[in-house]
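I opened a new structure today and kept notes as I went. The entries below are in the order I looked things up.

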Amino acid sequence: MNEPQHLIALKAALQEKRQPLYRSIIRWTWRLLAGGVVAVAILFLTINFTAIPSFRELEDPSLSLASEVLANNGEVLGRYFTENRVPVAYEDLSPHLVNALIATEDERFREHCGIDARAVARVIFRTILLRDQSAGGGSTITQQLAKMLYSDRDFSGMGKMRKTTKLIYMKLREWITAVKLERSYTKEEILAMYLNQFNFINNAYGIHAAAEVYFGKNQADLKIEEAALLIGMLQNPSYFNPVRYPERAMKRRWIVLYQMYNNGFITKEQFDKLKVIPPDMSRFKKVTFTDDRAPYLCAELKKDLAAILDAPECRRPDGSKYNIYKDGLKIYTTIDPVYQQHAEAAMQEHMKKLQARFFQVWKGRDPWTYRNRETTAREIEIRKEALWDRIRESERYQNLRPKYFDALTDRMQRKYNFELRDVDIKRMLEEEAKAGSISQMVADGTATVEQAAAYRRILNGPEWQEIKNQYRALQAAAKKAFETKVDMTIFSWDSPSLEKRTVMSPMDSLRYHRMHLQCGILAMDPTTSEIKAWVGGINFKHFQFDHIRTDRQVGSTFKPFVYATAVAQQSISPCFSVYDQPVTISARYQNFTNITDWTPKNSNNTYSGLRMTLKEALKNSVNSISTYLMKQMGDTEPVRGLCNNMGIDSSLGLNGRYRIPKQPSICLGVADLTVWEMTGAYATFANKGIYGKPYVIKEIRDKNGRRVYSSLPEEHPALPPNANYVMLQMLKYNVAGAPGINTLKSEVGGKTGTTQHQTDGWFMGVTPRLVVGTWVGGEDRWIRFLSLSDGQGSRMARPIFAGFINRLEKDPKSGYDFNARFVRPSGDLGIELDCANYTEGEAAPTQDEEEFYPDIYNDQLNEDGTVPGQKQKKPDDTFGDQLEGGN
């Protein structure tokens with residue numbers, strides 16, 4: 001049936017009317033298409049001419065330059081570098097390596113020009129459109145080599161749109177770089193550069209080092225299955241680490257061998273034979289480097305450098321980050337190598353004797369089971385569990401774990417998107433034993449809501465029983481392995497090399513090393529805020545944990561901040577006297593926030609009942625007097641505020657806790673602070689009441705001499721000059737006549753600190769030109785002396801300070817000015833220092849300024865740890881301790 005004429009006419013009219021719109025759409029489509037092509041062309045040209053770095057480093061890996069940490073005189077303190085790399089030419093490469101690499105990573109390597117169009121199409125269709133994650137990647141060997149030129153693959157903190165944009169940019173840049181590489185080098189050169197550049201972890205950089213580290217042989221001598229294993233690591237060397245995850249590595253090697261068979265490089269018979277051979281890691285030998293002159297400093301500076309070099313103003317001209325291991329940076333520090341040497345020598349001299357005494361005290365006793373009247377069963381459990389935590393952190397344990405959890409971990413990752421760790425299993429076992437434990441962990445902040453949800457899904461899942469069985473089997477295997485004696489090297493103060501060979505079980509070795517007392521020493525010039533020496537522990541090779549920035553309870557070294565606040569607020573004299581008697585700060589008294597009455601005891605649990613001047617009370621760390629001063633203030637904020645001005649942050653921390661608690665007990669030193677913070681704060685006393693922020697990195701320059709970073713001194717007034725000078729006199733009085741200090745030529749002040757149960761021993765020493773913070777203690781808080789006579793700060797820490805200053809004074813090359821003196825502010829102080837002229841409501845006892853109120857205990861030790869002039873005797877068990885497990 002024919003369409004009516006009026007409808008035909010109507011359609012024709014509408015079509016005529018829409019023609020301009022159609023033409024406009026077509027025009028804009030062409031414009032957008034042309035604009036897109038132009039934009040892509042401009043982007044390609046921009047990347048091509050501005051964002052492609054030099055290929056020289058790929059040609060010769062030796063062009064990677066070590067970054068050097070330099071002392072203030074230009075001497076090298078340490079280096080950051082990619083060591084253990086020997087380039088191999090293509091003609092010297094094992095053919096097994098080349099065949100395995102091409103078969104597994106890039107089958108059409110010989111055919112494409114850097115970009116494999118078929119692989120890209122497969123990724124777009126199968127991986128992106130069909131969401132098939134098993135479809136494989138599309139990067140060619142050349143593209144993977146191109147990636148090694150860039151270090152900006154950090155997407156942290158980026159939104160989805162920004163991340164997508166950056167990914168597109170990086171992929172375009174990678175393609176352009178790959179094409180340029182193909183035009184600049186032969187296929188053989190590209191293969192060799194790739195294998196020479198790759199980091200096979202365990203300090204094996206490049207294929208030559210990898211063959212030596214993992215198999216103890218030259219790469220040319222690798223067997224087919226060995227070559228396949230190393231090539232398999234290219235996908236993810238940490239995940240397919242054959243030492244830690246042998247089953248994963250074997251599965252990955254199976255894929256490589258199959259690809260070699262599939263591409264005709266090996267026969268079916270070879271594949272069937274080689275795929276079942278277990279990886280032989282018997283000749284594995286990890287390369288380590290601990291030759292730096294200041295190893296603790298260099299290890300800690302890596303954290304500072306990461307933060308500094310992350311700043312936009314401290315990046316390369318092209319915006320990428322510097323790499324301290326490859327870019328040849330010069331890191332200029334304030335460290336004086338002479339000071340560093342003398343600090344380490346003083347530490348070693350004293351710690352050797354102190355450790356000998358420590359072993360005498362603990363002979364026949366076990367710190368992990370030791371009890372006194374205050375020890376609870378839960379505390380013993382915590383100690384033993386802490387020992388097992390150290391076991392689980394060890395490389396020996398980590399190498400055992402994959403045998404029991406490799407397959408399980410993969411299944412849990414696929415099913416729950418959750419990485420199963422030992423700590424997670426322990427938490428779930430706690431929940432099984434006591435319902436509600438996980439909820440409590442979330443409330444305490446030890447577990448996240450997401451973790452708690454995963455724990456509950458796993459607990460209710462079919463895998464939980466298998467997880468428990470495997471975990472128990474792993475613990476049993478670990479216990480057996482750690483109780484079997486083996487030949488090993490251990491740390492020893494008795495050897496000139498500080499180590500010796502012995503036969504010992506790994507468990508005994510762990511306990512032996514954990515029973516060594518550690519220390520942290522930081523020396524700072526108070527006039528410039530420069531750090532002159534940094535000793536983070538007793539021996540970096542065996543104890544790599546740094547103690548300069550580790551929180552430890554500070555004890556009585558905090559009391560000068562309380563006294564300084566009182567002096568500054570009230571112009572109170574050091575001669576002011578207070579009765580040594582119990583002082584109670586009632587609950588909610590004035591502005592205090594304690595919810596119960598608080599009446600602290602003196603360290604000897606007694607009160608003399610006599611009047612005592614403030615300087616005597618500070619010298620002898622009398623708790624009742626510190627509490628009296630705190631109560632007079634009516635609030636903790638004045639003290640916390642002064643500490644904040646002296647560089648100790650009193651604001652709320654990220655963990656929801658204050659660095660300095662808002663409790664009156666801070667006057668006794670309950671806060672956990674670092675040697676770094678305490679040294680900076682005490683430097684205020686030596687610098688006329690002006691706080692200067694400590695710093696150790698002066699400047700950073702790149703290999704061309706361009707300045708990358710320069711430190712800016714920060715300082716501000718913290719204490720009025722008169723109050724500060726009064727505190728200096730009190731600090732001097734503290735140590736007047738003290739052993740080791742009474743023979744020094746320098747003007748010296750200081751304060752000792754000893755925490756509960758002698759867990760921490762401190763000495764903060766000040767001179768006009770050097771402030772030294774010293775901490776001594778165990779890494780575990782139950783590694784401690786059993787009596788105050790052995791464990792007080794004057795015995796554990798002060799001798800190191802005295803020995804350090806004594807060495808500087810005797811060394812004319814040190815440049816240390818022992819004639820410098822503290823400067824009294826001009827004019828009237830307004831605070832009486834001479835107790836003979838001081839009067840108050842009731843006459844205070846007069847005291848000769850130079851008279852030494854002797855320490856209760858001498859702080860000197862013989863070489864073997866015995867006390868001079870004393871007969872060897874059983875350790876002083878002040879706390880009436882009971883023994884468990886001793887013999």
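These entries go from the whole chain to single residues.

**Entry 1: overview.** I noted at the outset that this is a predicted model. I counted the elements: the protein has 29 helices and 18 strands. I then looked up burial. Of the 887 residues, 51% count as buried. I also checked how far apart in sequence the contacts reach. Taking contacts between residues at least 6 apart in sequence, I found that 72% join residues at least 24 apart.

**Entry 2: the cores.** I asked which residues have the most contacts inside the largest nonpolar core. They are Met351, Phe558, Phe561, Phe685 and Phe804, in a core of 167 residues. Helix H13 (residues 337-362) gives this core its largest share, 9 residues. I also found a second, separate core of 50 residues, with Val88, Ala210, Met233 and Met260 among them. A general remark for my margin: in soluble globular proteins, nonpolar side chains tend to be buried together.

I went back to Phe804. I set aside its neighbours within four places in sequence. Phe804 then touches Tyr339, His342, Ala343 and Ala346. Its other contacts are Ala523, Ala533, Leu770 and Val772.

**Entry 3: two packed helices.** I looked at helix H21 (residues 559-570) against helix H24 (residues 637-645). Their axes lie 9 Å apart, and the angle is about 105°. Angles of 65 to 115 degrees count as roughly perpendicular, so H21 is roughly perpendicular to H24. Which residues meet here, in H21 and in H24? From H21 I listed Phe561, Val562, Ala564, Thr565 and Gln569. From H24 I listed Pro638, Val639, Leu642 and Cys643. By type, the contact has 7 nonpolar residues, 2 polar and no charged. I had already met Phe561 among the residues with the most contacts inside the largest core.

**Entry 4: a covered helix.** Next came helix H8 (residues 207-215), where 8 of the 9 residues are buried. I wrote them down: Ile207, His208, Ala209, Ala210, Ala211, Val213, Tyr214 and Phe215. What covers the buried residues of H8? The cover includes helix H3 (95-105), helix H7 (187-197) and helix H9 (224-232). Ala210 is also in the second core. After H8 comes Gly216, with a positive phi near 65°.

**Entry 5: strand E1 and its partners.** I asked whether the residues of strand E1 (residues 67-70) are buried or exposed. Both faces are covered. Ser67 and Val69 are buried on one side, Glu68 and Leu70 on the other. I then looked for partners. Strand E2 (residues 76-80) runs antiparallel to E1, joined by 4 bridges. Ser67 stands opposite Tyr80 in E2. E1 and E2 form a hairpin with 5 residues between them. In the turn, Gly74 has a positive phi of about 90°. Strand E3 (residues 330-333) runs parallel to E1, joined by 3 bridges. There, Glu68 stands opposite Lys330.

**Entry 6: Gly749.** My last stop was Gly749, in strand E16 (residues 749-754). Why does Gly749 count as buried? Its relative accessibility is 0%, and buried means under 20%. I checked Asn734 as well: Gly749 is 15 residues from Asn734 in sequence and 6.8 Å from it in space, C-alpha to C-alpha. Leaving out neighbours within four places in sequence, Gly749 is in contact with Leu731, Lys732, Val735, Met764, Gly765 and Val766.

How values were computed: Residues are numbered from 1 along each chain as its sequence is written. This is a predicted model: local features need pLDDT of at least 70, side-chain atom pairs count only at pLDDT 80 or more; totals for chains, interfaces and linings use all residues. Side-chain values use heavy atoms; hydrogens and water are left out. Axes are lines fitted to C-alpha atoms, for helices over the stretch in contact, and angles run from 0 to 180 degrees between N-to-C directions. Angles under 35 degrees count as roughly parallel, over 145 as roughly antiparallel, 65 to 115 as roughly perpendicular and the rest as oblique. Contact means heavy atoms within 4.5 Å. Ala, Val, Leu, Ile, Met, Phe, Trp, Tyr, Cys and Pro count as nonpolar, Asp, Glu, Lys and Arg as charged, and the others, Gly among them, as polar. Buried means under 20% relative accessible area, exposed over 50%, partly exposed in between (1.4 Å probe, protein chains only). Two strands pair if DSSP finds at least two bridges between them. A nonpolar core is a set of buried Ala, Val, Leu, Ile, Met, Phe, Trp, Tyr and Cys residues joined through side-chain atoms within 4.5 Å.
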